[in-house]
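Subject: Structure handover and notes

Dear colleague,

I am passing the structure on to you with this email, and my notes on it follow below. Please keep it open beside the text as you read.

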Amino acid sequence: MAEAEAIFNRLKQDHDQHRDLLTKIEDTSGDTEERRTLFEKFTKDVKSHAAAEEQAVYSTMLRKPDTTDATRHSVAEHQELDEALNDLAATDMSSSAWLQKFKQVKHDYLHHIEEEEDDHFPEFEEKLTSEDERQMAEIFEKRKHAELENAEVTPEAASDAKE
């Protein structure tokens, strides 16, 4: 199971970086270069992480009947996060609405990754073959790199930002 540990530890490394970026973003204020840079880095990394995780981990776990519900739940949360990040990108960073939306994104994302780490990953590990583990680790690294190269913040039009 060393490779399962390797893939799940790799995912946790990204999660730790995301936690750090969320804290740094929260420590900024207004429409500043620092906030923009940190938000862009967070958004691109989270989107590429989620896409690679879906392709490497969740595509495998969908083929395991015992983990289908947890897998679908996590993939749905990825979609919700993507939409929330796009809405946040379309919101004026100097507004109180931006900070309120950011705090909700932070709360939702922290809940999501804690659920993955505490519940899903341990359950998934029990269902994997060594071949599954090897492929997941290999695919994740390739896809994460490729997704990151093409990642965009992709804001909705400011007029589409939710109230």
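Which residues lie nearest the centre of the largest pocket, and how many residues line it? Before I answer, please bear in mind that this is a predicted model. The lining is made up of 14 residues, and those nearest the centre of the pocket are Glu80, Leu81, Ala84, Val105 and Asp108. The volume of this largest pocket comes to about 310 Å³. In the character of its residues, the lining divides into seven that are charged, four that are nonpolar and three that are polar.

Two helices that each supply at least two residues of this lining are α3, which covers 68-89, and α4, which covers 96-127. The most is given by α3, which brings seven residues to the lining of the largest pocket, and I have therefore looked at that helix in some detail.

The helix α3 has 22 residues, which at 1.5 Å a residue should span 32 Å, and because its end C-alpha atoms are in fact 32 Å apart, the expected and the computed values agree. Its buried residues are Thr68, Ala70, Thr71, Ser74, Glu77, His78, Leu81, Leu85, Asn86, Asp87 and Leu88, and the buried residues of α3 pack against α4 and against α2, the helix that covers 33-61. Leu81 thus appears twice in these notes, as a buried residue of α3 and as one of the residues nearest the centre of the largest pocket.

Is Thr71, which belongs to helix α3, buried or exposed? Its relative accessibility is 0%, so Thr71 counts as buried. The side chain of Thr71 reaches the backbone oxygen of Thr67 at 2.8 Å, and, if its neighbours within four places in sequence are left aside, Thr71 is in contact with Tyr58, Met61, Leu62 and Phe124. Gln79 is also found in helix α3, but with a relative accessibility of 43% this residue counts as partly exposed. The C-alpha atom of Gln79 is separated by 22 Å from that of Asp66, although the two residues are 13 residues apart along the chain.

I then turned to helix α2, where Val46 is found. Val46 counts as buried, since its relative accessibility is 2%, and, not counting residues up to four places away in sequence, Val46 touches His18, Leu81, Leu85 and Tyr109. Of these partners, Leu81 and Leu85 are among the buried residues of α3. From C-alpha to C-alpha, Val46 and Thr28 are 19 Å apart in space, with their positions 18 residues apart in sequence.

Ala51 is in helix α2 as well. With a relative accessibility of 18%, Ala51 counts as buried, because the cut-off for that class is under 20%. Ala51 and Arg143 are 92 residues apart in sequence, yet their C-alpha atoms are 7.7 Å apart in space.

Ser59, another residue of helix α2, has a relative accessible area of 29% and is therefore partly exposed. Between Ser59 and Lys101, which are 42 residues apart in sequence, the C-alpha to C-alpha distance is 30 Å.

With best regards

Key: Residues numbered from 1 in each chain as written. Predicted model: local features only at pLDDT ≥ 70, side-chain atom pairs only at ≥ 80, totals over all residues. Heavy atoms only, no water. 1 Å grid on protein atoms, 1.4 Å probe; cavity = no way out; pocket = protein on both sides within 12 Å on 5 of 7 lines; lining within 4 Å. Points joined across faces, edges and corners; volume = space filled by probe spheres on them. Helix = DSSP H or I, 4+ residues; strand = E, 2+ residues; numbered from the N terminus. Nonpolar A, V, L, I, M, F, W, Y, C, P; charged D, E, K, R; others polar. Buried < 20%, exposed > 50% of the residue type's maximum accessible area, 1.4 Å probe, protein only. Polar contact = N/O pair within 3.5 Å; in protein donor to acceptor, adjacent residues only side chain to side chain. Contact = heavy atoms within 4.5 Å. Expected span 1.5 Å × (residues − 1).
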